[in-house]
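Subject: The structure, and what turned up in it

Hi,

Here is the structure I said I would pass on. Could you open it and keep it on screen while you read the notes underneath?

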Amino acid sequence: MIKTHLLRYFIVLAEEMHFGRAAARLSISQPPLSSAIKALEEELQVRLIERDSKRFFLTPAGASFLSDAREILERVHKAKLSTQAVASGSKGSLDIGFTASSIYRLIPEIVRSFSQFAPQIEVTLKEVSSTDQLHQLLAGQLDLGVVNVPTVRLDLDYLPLIKDQMIICLPADHPQAGQSEVELPLLREETFIMPARDVSPTHYDNVVSIFNGCEIHPRVRHATRQWMSTIALVSKGMGVAIMPSSLRQSGLAGTKFLPIKGVDVDAPAGFVWNKQVRKPAVTMFVAHAKLMLSPIQTN
């Protein structure tokens, strides 16, 4: 394998066309330069340079190799800079999992701001359930996740998102839609649409705890795997649903979102990442997210 310093010596010699000047430019003496060129020729098994008492010139093989040597050194230099950028976190890629409801909790804004801050880091968003995200983070299939859980296991780190209260979503023509808030017991005869527990166990358990706190046993006929499906069903008069207040930003016609009287239950969510995987780009992203979230969380 040809060592890169031999390529550099040959390029400088070809540019100077003089051993003494080339050696001075390289800050070495002439004998090591001569030995390096000889070693390069032996490695390539060709003559690169011819000289006599009056002339110094590249052989046809030497002229051809000069172009290749410059290209090789340029690629090595670019690879070095790229590797250093990745190691520092200023270049690379991030695969981030997210849930549908997190779209309305500043996730797009944070990702867009980070992409402007670190344009050489390519961020890819992948919609994955909270449960699957946790498995993929541990398996190294995701760099970061946005999960709907309040806490995570000890080998994962967690950054909570802004608080988001659980509220009721009603059809726009529902008798209670004109109220400022809704008493949940008044809806005990309604059909409720519930999140599937295997997809979002925390949201499911939150909704059940709200029912238990209001001492009602709801009639549940529909289960959904996506919040947008839930909102769409409500808009079509198929039932009512308890969901995070941030989803009112979906703007789907035919729905009305209202607080639930006497209910103060948070819909937890947060960034999560594997603390055992030390990826500089993850550290940079988390720091950026903290800066964006801290003013909101302290207000």
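Below is what I found, going through the helix at the start, the two sheets, the pocket and a few single residues. Please keep in mind that this is a predicted model.

**The start of the chain**

Helix α1 covers residues 4-16, which makes 13 residues. From the first C-alpha to the last, α1 reaches 19 Å, close to the 18 Å expected at 1.5 Å a residue. Quite a few of its side chains are tucked away: Leu6, Leu7, Tyr9, Phe10, Ile11, Val12, Leu13 and Ala14 are buried in α1.

Right after α1 comes methionine 17, in the loop that leads from α1 to α2 (19-26). Have a look at the backbone there, since phi of methionine 17 is positive, near 55°, in a residue other than glycine. Is methionine 17 buried, partly exposed or exposed? With a relative accessibility of 30%, methionine 17 counts as partly exposed, because the partly exposed class runs between 20% and 50%.

Glutamate 215 also has a positive phi, near 55°, and again this is a residue other than glycine. Glutamate 215 sits in the loop between α7 (201-213) and β9. Its relative accessible area is 66%, so glutamate 215 is exposed.

**The five-stranded sheet**

One open sheet has five strands, in the order β4-β3-β5-β12-β6, and its pairing is mixed. Which strands are at the edges? They are β4 (121-127) and β6 (156-160), each of which pairs on one side only. On average, neighbouring strands of this sheet are turned by 25° against each other, direction ignored.

Inside the sheet, strand β3 (residues 92-98) pairs with strand β5 (residues 144-147) in the parallel sense, over two bridges. If you want a spot to zoom in on, isoleucine 96 stands opposite leucine 144 in β5.

Valine 146 is in β5 too. At 0% relative accessibility it counts as buried, because the cut-off for buried is under 20%. Valine 146 and tyrosine 158 are twelve residues apart along the chain, and their C-alpha atoms are separated by 9.4 Å.

**The three-stranded sheet**

Another open sheet has three strands, ordered β10-β7-β11, with antiparallel pairing. Its edges are β10 (241-244) and β11 (255-258); each has a single partner strand, so one side of each is left without a neighbour in the sheet. Here the average turn between neighbouring strands is 40°, direction ignored.

Strand β7 (residues 166-171) pairs with β10 in the antiparallel sense over four bridges. On that pairing, isoleucine 167 has methionine 243 in β10 as its bridge partner.

**The largest pocket**

How big is the volume of the largest pocket? It comes to about 290 Å³. There are 21 residues lining this pocket, and the closest to its centre are Ser129, Val199, Ser200, Arg225 and Gln226. The elements that give two or more residues to the lining are α6 (130-138) and α8 (227-235). Of these, α6 provides the largest share, three residues. By type, the lining of the largest pocket divides into seven nonpolar, ten polar and four charged residues.

**A few more residues to click on**

Serine 229 is found in helix α8. With 36% relative accessibility, serine 229 counts as partly exposed. How far is serine 229 from arginine 47 in space? Their C-alpha atoms are separated by 73 Å, and the two residues are 182 residues apart along the chain.

Alanine 223 belongs to strand β9 (residues 219-224). Its relative accessible area is 63%, so alanine 223 is exposed, the cut-off for exposed being over 50%. Alanine 223 and isoleucine 193 are 30 residues apart in sequence, and from C-alpha to C-alpha they are 5.8 Å apart in space.

That's what I have for now. Shout if anything looks odd on your screen.

Cheers

Conventions
Residues numbered from 1 in each chain as written. Predicted model: local features only at pLDDT ≥ 70, side-chain atom pairs only at ≥ 80, totals over all residues. Heavy atoms only, no water. Expected span 1.5 Å × (residues − 1). Buried < 20%, exposed > 50% of the residue type's maximum accessible area, 1.4 Å probe, protein only. 1 Å grid on protein atoms, 1.4 Å probe; cavity = no way out; pocket = protein on both sides within 12 Å on 5 of 7 lines; lining within 4 Å. Points joined across faces, edges and corners; volume = space filled by probe spheres on them. Nonpolar A, V, L, I, M, F, W, Y, C, P; charged D, E, K, R; others polar. Pairing = 2+ DSSP bridges. Axes fitted to C-alpha atoms, helices over the stretch in contact; angles between N-to-C directions.
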